[in-house]
Amino acid sequence: MDIARAQQAFTPVAAPRLVPDLYTPDELDRLFGVLQEKGPWQSIAAQTFSSAEEFLAVAGAGRPATELSLSDLITPTFRGYFAQQAVALHEEIQDVFYSTRLLNLVKEMFGAPYAIPAQFFFNLRAPAHSLDAGHFDPQVWRGMDMMKVPVWLSAVMAKSGLFDRWEVPTGQVITYFYRSEVDGGFTYWPEGPAAPPQRIAAPFWNDAVVVHNPRMFHRGEASGPVQRRANPPEFRLDSVIAAEDPQHWVIRNGDQVIARHPVRDMRFLFHYGARVFRDLAEVSRYYDHTDDLDLETVFNLLIRDLRARGIRFTEPSDPLHDDEFVKTLATAYAVAPTAYPAEAPLDRVS
Ligand SMILES: [Fe+2]
């Protein structure tokens, strides 16, 4: 993919804005109450990917895809939801999800008059390497969001730039919790993937950034004590994490505990996302479904574009589940950061 196009596609509307001490103590009690009491929580990889090809289409930086399996690429990072599809899943945090304060942070970043809260989830990360070479969050298009489109396809669509006219812009408020000073920062590329990155260093607790993450490469850095970052030997895609008591988190396969971590070694983030609209006509188009994207159009446009570029491929009968086709698309629209902070280099799969 040409560099000028990638730079333009992946430059956010604004650089990240820091908001220290975002949630009130009462809100934090209720939010962390969900994490502690409503688990166990599944790994992000289990919820997101079904093959190594799919992972590499999103977060691969020119690594050899052929001999890798998904279990080589996963880390003990888990996810649960406070809210999904604009609906709060836990009543005790409903007021936080619908708060004016969070919504206005996103509206201000875009200078947009209208917005709706859309997403609110949390990541729980046990000590881990960072295999993430830098990624961007899923975009939303009219008629199509991450509930309908697998993440790998969403990534290819965003990189292709072919679907921008259907895009519904989204902004995020990401709040970090990691008390350790050992790594664990946030790397981001605010001037595009070809420009040098910046980073926010740990420790943090209740420190938020307002970001345009679908249009900005970023990543969580390796975290936890260095000697504890290797995956537990029995770690699997379907391993889960849960609070054992207020001071400890355990990773389990079913009922079997395979790792135990003190809370101080854990890194958490809360991810709030809102969709924004520049005028009421955009709001109507969104809710009236008069100009929606569908999967047939997506694959038609991608296939036409591949042909126009002279790329040879076999037209798939089941394009959603065809590893060769995933690889063709990932290669055709490859774009990834090239430089990493000296303090937070890229961990390689060994
Ligand atoms: Fe992200």
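A hairpin of two residues links β13 to β14, and it makes a friendly place to start in this predicted model. The two strands it joins, β13 (residues 240–245) and β14 (residues 248–253), pair in the antiparallel sense over five bridges. To find your bearings in this pairing, look for Ala 243, whose bridge partner in β14 is Trp 249.

Now stay with β13 and look for another partner, strand β2 (residues 41–43). Here the strands also run antiparallel, and two bridges join them. Trp 41 is a handy landmark for this contact, as its bridge partner in β13 is Ile 241. Strands of a sheet pair through backbone hydrogen bonds, in either a parallel or an antiparallel arrangement.

Let us move on to another group of strands. An open sheet of three strands follows the order β10-β9-β12, and its pairing is antiparallel. Which strands are at the edges? They are β10 (198–200) and β12 (218–220), each of which pairs on one side only. On average, neighbouring strands of this sheet are turned by 20 degrees against each other, if direction is ignored.

Within this sheet, take a closer look at β9, which covers residues 186–188. Three bridges connect β9 with β12 in the antiparallel sense. Which residue of β12 stands opposite Thr 187? That residue is Arg 219. As you follow the strands by eye, keep in mind that side chains in a regular strand alternate between the two faces of the sheet.

Notes. Residues numbered from 1 in each chain as written. Predicted model: local features only at pLDDT ≥ 70, side-chain atom pairs only at ≥ 80, totals over all residues. Pairing = 2+ DSSP bridges. Helix = DSSP H or I, 4+ residues; strand = E, 2+ residues; numbered from the N terminus. Axes fitted to C-alpha atoms, helices over the stretch in contact; angles between N-to-C directions.
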